[in-house]
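Let's take a walk through this structure together. Keep the sequence and the 3D view side by side as you read.

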Amino acid sequence: MGFTGFGKKARTFDLEAMFEQTRRTAVERSRKTLEAREKEEEMNREKELRRQNEDIEPTSSGAHVVRDCSKSSSRDTSSSESEESSGSSEDELIGPPLPLKMMEEPSNHIEEDILGPLPPPLYEEVEEDDDDDGDSEEEENPVQKIPDSHEITLKHGTKTVSALGLDPSGARLVTGGYDYDVKFWDFAGMDASFKAFRSLQPCECHQIKSLQYSNTGDMILVVSGSSQAKVIDRDGFEVMECIKGDQYIVDMANTKGHTAMLHTGSWHPKIKGEFMTCSNDATVRTWEVENPRKQRSVFKPRTMQGKKVIPTTCTYSRDGNLIAAACQNGSIQIWDRNMTVHPKFHYKQAHDPGTDTSCVAFSYDGNVLASRGGDDTLKLWDIRQFNKPLFSASGLPTMFPMTDCCFSPDDKLIVTGTSVQRGCGSGKLVFFERRTFQRVYEIDITDASVVRCLWHPKLNQIMVGTGNGLAKVYYDPNKSQRGAKLCVVKTQRKAKQAETLTQDYIITPHALPMFREPRQRSTRKQLEKDRLDPLKSHKPEPPVAGPGRGGRVGTHGGTLSSYIVKNIALDKTDDSNPREAILRHAKAAEDNPYWVSPAYSKTQPKTMFAQVESDDEEAKNEPEWKKRKI
C-alpha cells in the first residue's frame, strides 16, 4: 500500500503490570534509604557510647559488659555462623546493649504492603516543623505569590480596552474597547505573534463596556452603550438580545426592558442562563436567556428620601443570593435576590456624591465587599457589619467609569489600577493586603491608564486592559498554569513558499498558452487580409454638406431634433394676438374648406347670422314715448 509496517498489530501495554513494577521499585528504593539511614544512626550512637564508656566506666565493668553482650549474641546467633562474624560483632558491641527496636530488622511483609517512598521516622517532626515555617513565611509575605515575572502583550487596537473576559477554564480571552470591536484570543491556538483569531462588532457603533463569560463558559454577556444587552456564544454568534422598554412609561417596573444606556452586567454564579444589567433608567434588571422578551425582576435603587438614583455598577455575591449595586449619589445598596422592594443593606455615603463608583466585588469567602470609587478611593466593607468601612485607601486616581478591582485567588490581596493623563507618567497596578490594607506592591504597566484587571484563580495569571489599546497578561512559569505559557513556547509560523512570490506577476486566463490567440508573424499579411474584408476596408462616410440627403440632416445638425429646434428658432411669426392669428387663415378656409366643413356638408344646416345694427339705426327705431321722456 506504500506504507511501511502496514497491517502490523498495534503494541499493547499492560497498565497493571506497569503500576506494579513502579510500586516495587518505590518500595525497594525506600527500603534502601531506610537501611542506609539506620546504619548511619547506629554508627553515630556507637561512637557516642564509646566516648562515654572511655571516660566513665572502668575496664573491669567494660570486660563484664563485653562478656554479657557476647553471651547474648551467642544465644541469638545460630550455630552455623562463622567465627569471623562472631568476632567482628564482639568488637563492635561496646557499652550497654542497644534497644530491642533498633536491633530488630523491619519485617519483609510490612515493607511489601507500603506504597511509595517511606518518610524517615526520626525526621518526621523536623520536616513538619520546616513545612510550618514555610507556610508561615508565605502567610506573612503574600507578595511572593504575585505572578509578575513574565508578561505578554496583546494588541487590541488604538483605543481604550474597556472590557475583559476570561472563560472559567482559562482557554480563551475576550477583549472589548472604545473602537466597538470585540476580539477573541485562544491561548492554545496562538503562537508567538499573539494575534486574535476573530474580531467582530456585535453592537455596531456602541462602545463595549463589559464582557463576561458565563459560569459554564459557553456564552458571553456583552454590555455596550445601548439600552439592549446581548448574549453571544463562544464563536461570536448572537444567542439573544434583550428587549427595549417603553421610555414614555413613568414607572420603570412596568416596562419590559431598559430604556436608557447600560453601564455593566454580570452572570449569576450558580444558575445557568441568568444575568443582571444596570442602566441609566435607574433600574437593575435580572434576565433569563430563554426569555429575552421580558426581564425576570426589577430592582429600583432609591435615595433615603425615596427619589430615583442611577446605579453605575452591580454584581452578584459568590453564592448568588445577594445583589449589590453602587449608585451616583455615593451609596451602596444590597438586595436579597428574591426580594426586590427594599434593600437588605443600605449605606448612603460610601463614596462622594456625584462620582461614579466603577466597581464592586465580593471576596471568595463572601463576607467582604470591595468598592472602587470615582473619588479616587478603594474601600473594604464587611457585609455582616455594614455600618462603616473596614479600611479605606486614597490617592488612586481614576478617569474611567469601569476601573476594576478584584481579589487574589487566596483572598489575601486586593488589586486595582490607576489612571494617568497622557504623557504624565505610567499607569500602575496596585496591590493591597486584605488583613492590614497596606500598599504592599506595585507594577508599572505602561504609559497609559490601567482600566481593567482580572486575576484568574485557576491559571494564577493577571490580565490588564490599558487606555492605549493593549491587553497585557502577567504570569510566572513556576506559579502559573497553562494560559499564556502555552503560546509563548510556540515559535511564529513562517509563511509557506507556495504562498510567497518573488515578483508580483499578474496572471490572466488568456495569458496561458491554451487560451492565447495565434499571433501573426508579419503585419503585412494581416494588412492584406484586412484590405479584402469589406467591413474593415469600408471608408467612413464624410459629414453631410448642404440641406442633407438619404434621410440625414445636413448643416443644421446631425439629428432630427436639432434640425427642428433650429427651424423653430428661425420662425419669426408673431403669435401674440391669437384672434388675428386664427382669422389670418379664415379666408383660405372659407374658399377651400378641408378639415371640418366637408364632414358636415350634408348634415349641417345653413348658417344664419344675426344682423347687428349700429347706434344711429337704433336711435331711429326707438318709440316715440321714449323720446318724449328724454
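Over residues 360–384 the chain is 52% strand and 0% helix, and the C-alpha atoms at its two ends sit 16 Å apart. Helices (H or I, at least four residues) and strands (E, at least two) are DSSP runs, numbered from the N terminus. That stretch is one of those covered by the UniProt annotation "repeat: WD", from an unreviewed entry, which also takes in 154–186 and 255–297. UniProt positions follow the numbering used here, feature names are shortened, and such annotations may be inferred rather than shown by experiment. In residues 154–186, strand makes up 58% and helix 0%, with the end C-alpha atoms 11 Å apart.

A word on what you're looking at: this is a predicted model, where local features need pLDDT of at least 70, side-chain atom pairs count only at pLDDT 80 or more, and totals for chains, interfaces and linings use all residues. Residues are numbered from 1 along each chain as its sequence is written, and side-chain values use heavy atoms, leaving out hydrogens and water.

Now for a sheet. Four strands form an open one in the order S2-S3-S4-S5, with antiparallel pairing. Its edges are strand S2 (161–166) and strand S5 (198–200), each pairing on one side only. Two strands count as paired if DSSP finds at least two bridges between them. S4 (residues 182–186) and S5 run antiparallel and are joined by three bridges; there, Val182 stands opposite Leu200 of S5.

Next, a couple of loops. Most residues other than glycine have a negative phi. Tyr180, in the loop between strand S3 (172–177) and S4, has a positive phi near 70° without being a glycine. Asn460, in the loop between strand S26 (450–456) and strand S27 (461–466), isn't a glycine either, and its phi is positive at about 55°. Are these two buried or exposed? Tyr180 is partly exposed, with a relative accessible area of 29%, while Asn460 is buried at 14%. Buried means under 20% relative accessible area, exposed over 50%, and partly exposed in between (1.4 Å probe, protein chains only).

Last stop: the surface. Tyr594, Trp595, Val596 and Tyr600 form a nonpolar patch there, with about 590 Å² of accessible area together. Patches are made of residues with over 30% relative accessible area and no salt bridge, nonpolar side chains (Val, Leu, Ile, Met, Phe, Trp, Tyr) being joined within 5 Å and like charges within 9 Å. A salt bridge is a side-chain nitrogen of Lys or Arg within 4 Å of a carboxyl oxygen of Asp or Glu. Accessible areas come from the Shrake-Rupley method with a 1.4 Å probe, and for residues only the protein chains shown count as cover. Tyr594 lies in the loop between helix H11 (586–591) and helix H12 (615–620), and counts as exposed at 59% relative accessibility.
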